[in-house]
Amino acid sequence: INTLVKHSYISPPGVVVSCTNPKEVYATLNSESDDNFRKRIISSVRGSSIGTAESLRFSALAVKGVRDAKIREGSYGIGSCDLIIIPESTAGIGNLPEVVKSVTNTIKPMGIRLNVRVARKKNVDIGLTITLRQGTSGELARSIEAQARIFLSRYINSLSIGSTLSIQDIESSVRFASDVIIGVSINSLSVD
């Protein structure tokens with residue numbers, strides 16, 4: 001950014017053209033930036049190694065049907081770790097741990113007890129009150145309520161293993177549903 005100053009524009013007589021690039025310049029359309037390329041190279045080196053937490057995670061992510069994977073080291077003390085996988089869907093979840101274990105067994109360190117587990121979904125029950133602008137019609141209020149449910153579900157479903165459920169983020173996600181919302185009050189919240 002701001003480093004490319006050469007151009008092939010032929011200026012009219014008596015005019016001097018100067019240019020800089022305010023945005024990242026890519027070699028071709030839809031190619032990645034230098035920073036992303038460097039990050040990808042570093043990740044590939046870590047992922048191609050054997051016996052590291054990153055290599056276990058990346059090998060689990062390569063299995064079809066795995067959306068995400070997390071490593072929890074020392075789950076049963078020194079020499080053990082849990083590989084917690086998040087499946088794409090509930091279909092075919094029965095043999096997914098065995099497939100992941102067979103793939104990761106080839107790269108796991110010697111002497112490490114690797115436990116492959118499937119993440120369990122937790123039900124979140126939220127009771128809240130939405131305050132709307134005065135004069136909002138009943139039909140619009142029902143529409144906003146449905147939209148707020150969708151936005152709230154998106155936020156909760158975006159959480160992964162180890163993520164924190166934030167009251168502020170719950171309120172923000174509901175407020176994004178409409179400009180008519182002027183207040184959100186959480187009355188109850190329970191997880192399973």
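Where does S49 sit in this fold? In this predicted model, S49 falls in the loop between α1 (34–48) and α2. S49 is partly exposed, with a relative accessible area of 25%, a value that lies over the 20% below which a residue counts as buried. Along the chain, S49 and I107 are 58 residues apart, yet their C-alpha atoms are separated by 8.3 Å.

Helix α2 (residues 53–61) comes next. Its buried residues are S55, L56, S59 and A60. These four cover an arc of only 130 degrees around the axis, which puts them on the same side of α2. That fits the usual helix picture: an α-helix has 3.6 residues a turn, so residues three or four places apart point the same way.

Now to the sheet. Three strands make up an open sheet in the order β1-β2-β3, and the pairing is mixed. The edges are taken by β1 and β3, each of which pairs on one side only. On average, and with direction ignored, neighbouring strands of this sheet are turned by 20 degrees against each other. As a reminder, strands of a sheet pair through backbone hydrogen bonds, either parallel or antiparallel.

Both senses turn up here. Between β1 and β2 the pairing is antiparallel and runs over seven bridges. Going through some of the residues involved, D68 has I86 of β2 as its bridge partner, A69 stands opposite I85 in β2, and I71 stands opposite L83 in β2. The two strands form a hairpin with six residues between them, and G74 in the turn has a positive phi of about 65 degrees. On the other side, β2 and β3 run parallel and are joined by six bridges; there, C81 has L114 of β3 as its bridge partner.

How enclosed is β2, and what number of its residues are buried or exposed? Eight of the eight residues of β2 are buried, so the strand is largely enclosed by the rest of the structure. The burial holds for both faces: S80, D82, I84 and I86 point one way, C81, L83, I85 and P87 point the other way, and all are buried.

The sheet strands also feature in the largest pocket, which has a volume of about 1,200 Å³. Its lining counts 39 residues, and those closest to the pocket centre are K121, K122, V124, I156 and N157. Two or more lining residues come from each of β1 (66–73), β2 (80–87), β3 (113–118), β4 (124–132) and α4 (138–158). Sorted by class, the lining has 18 nonpolar, 11 polar and 10 charged residues.

One of the residues closest to the pocket centre, K122, belongs to the loop between β3 and β4. K122 is partly exposed, at a relative accessible area of 48%. A chain separation of 22 residues takes K122 to I144, and the C-alpha atoms of this pair are separated by 26 Å.

A last backbone detail concerns D192, found in the segment after β5 (181–191). Phi of D192 is near 40 degrees, a positive value in a residue other than glycine. D192 is exposed, with a relative accessible area of 61%.

Notes. Residues numbered from 1 in each chain as written. Predicted model: local features only at pLDDT ≥ 70, side-chain atom pairs only at ≥ 80, totals over all residues. Heavy atoms only, no water. 1 Å grid on protein atoms, 1.4 Å probe; cavity = no way out; pocket = protein on both sides within 12 Å on 5 of 7 lines; lining within 4 Å. Points joined across faces, edges and corners; volume = space filled by probe spheres on them. Nonpolar A, V, L, I, M, F, W, Y, C, P; charged D, E, K, R; others polar. Pairing = 2+ DSSP bridges. Axes fitted to C-alpha atoms, helices over the stretch in contact; angles between N-to-C directions. Buried < 20%, exposed > 50% of the residue type's maximum accessible area, 1.4 Å probe, protein only. Arc of directions from axis to C-beta.
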